[in-house]
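Dear colleague,

I am passing on the structure we spoke about, with the sequence alongside. Please open both before you read on, as the notes are meant to be followed with the structure in view.

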Amino acid sequence: FMGEIRTSEAHWQTIGHERARGFLQCSLTANRLAHAFIITGPPQVGRMSLAMDIARAANCEIRPNGPCGRCDNCARITRGVHADVVVIDAQTPIRGVANTKASTEEDDRVRTSISIDHVRELKHDSVLNPYEGRSRVLILDVVEKMSDISSRALMKTLEEPALNTIIILIASSTKQLPETIVSRCQQIRFRPLSPEITENIL
């Protein structure tokens, strides 16, 4: 979803989902952006787009009521080269920090879920000061496939939110997630896009 939507002075790359964008705009205006979010809904409805919009908004140098889409931080996040925005999924390499062992390409290829080492490295990253922006934003994709031990480690990280760090979880639903994780996150629920919006995207 690379189309750009303008709402007031903000430029959102998330298409549709006006209610979610409106909620985030209010949070930004009040300077009360949550330290943790969980975005749920079916695949291909813009969950990752919204996660990136949150990352841009949190680091925007102009700070309208959403991401400006034009400043250096917004542009670098869009290009996927911002040092403070990290996306983790099952195939993300283990770097070998925080008492973890660096993974091989074969390890990454066959891994089917976010591992305990991913969460350990996320916890390590969450307490670091932002390098080039205002906030570190750590995004975990498909968290419903985490193991129990990974979920418990993530829960402990969410219990002690680090200053200037936002953690965003992406899942199909909250049903497979522990309530202890869900209750510590601001929930944003996505529904399928309308046929009209889907047709415009295609």
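What follows is an account of the overall make-up, then of two helix pairs, and then of three single residues.

Please bear in mind throughout that this is a predicted model. The protein contains eight helices and seven strands, and 49% of its 202 residues count as buried. Among the contacts in the protein with a separation of 6 or more, 69% are between residues 24 or more positions apart.

Helix 5 is a good place to begin. Eight of the 11 residues of helix 5 are buried, so this helix is largely enclosed by the rest of the structure. The buried residues are Ile 116, Asp 117, His 118, Val 119, Glu 121, Leu 122, Asp 125 and Ser 126, and the elements they pack against are strand 4, strand 5 (136-141), helix 6 and strand 6.

The packing of helix 5 (residues 116-126) with helix 6 (residues 148-159) can be described further, since two packed helices are described by the angle between their axes and the distance between the axes. Here the axes come within 8 Å and cross at roughly 10°, and helix 5 and helix 6 are therefore roughly parallel to each other. On the side of helix 5 the contact is made by Ile 116, Val 119, Leu 122, Lys 123 and Ser 126, and on the side of helix 6 by Ile 149, Ser 150, Ala 153, Leu 154 and Thr 157. Sorted by character, the residues of this contact are six nonpolar, three polar and one charged.

The other pair is helix 2 (residues 47-59) with helix 3 (residues 72-79), whose axes lie 8 Å apart at an angle of about 155°. Because angles over 145 degrees count as roughly antiparallel, helix 2 and helix 3 are described as roughly antiparallel to each other, and their crossing is right-handed. Helix 2 contributes Met 52, Ala 55, Arg 56 and Asn 59 to the contact, while helix 3 contributes Asn 73, Cys 74, Ile 77 and Thr 78. Of the residues in the contact of helix 2 with helix 3, four are nonpolar, three polar and one charged.

Turning to single residues, Thr 100 sits in the loop between strand 4 (85-88) and helix 4 (105-110). Thr 100 has a relative accessible area of 12% and is buried, because the cut-off for that class is under 20%. Its side chain is joined to the side chain of Glu 121 by a polar contact of 2.7 Å. Leaving aside neighbours within four places in sequence, Thr 100 is in contact with Ile 94, Asp 117, Arg 120 and Glu 121; of these, Asp 117 and Glu 121 are also among the buried residues of helix 5.

The last two residues concern the backbone. Most residues other than glycine have a negative phi. Asn 31, however, has a positive phi near 55°; it is placed in the loop between helix 1 (18-29) and strand 3 (36-40) and is exposed, with a relative accessible area of 62%. Asn 164 likewise has a positive phi, of about 65°, although it is not a glycine. Asn 164 is placed in the loop between helix 6 and strand 6 (165-171), and at 37% relative accessibility it counts as partly exposed.

With best wishes

How values were computed:
Residues numbered from 1 in each chain as written. Predicted model: local features only at pLDDT ≥ 70, side-chain atom pairs only at ≥ 80, totals over all residues. Heavy atoms only, no water. Axes fitted to C-alpha atoms, helices over the stretch in contact; angles between N-to-C directions. Helix = DSSP H or I, 4+ residues; strand = E, 2+ residues; numbered from the N terminus. Parallel < 35°, antiparallel > 145°, perpendicular 65-115°, else oblique. Left-handed = near helix turned anticlockwise from the far one by under 90°. Contact = heavy atoms within 4.5 Å. Nonpolar A, V, L, I, M, F, W, Y, C, P; charged D, E, K, R; others polar. Buried < 20%, exposed > 50% of the residue type's maximum accessible area, 1.4 Å probe, protein only. Polar contact = N/O pair within 3.5 Å; in protein donor to acceptor, adjacent residues only side chain to side chain.
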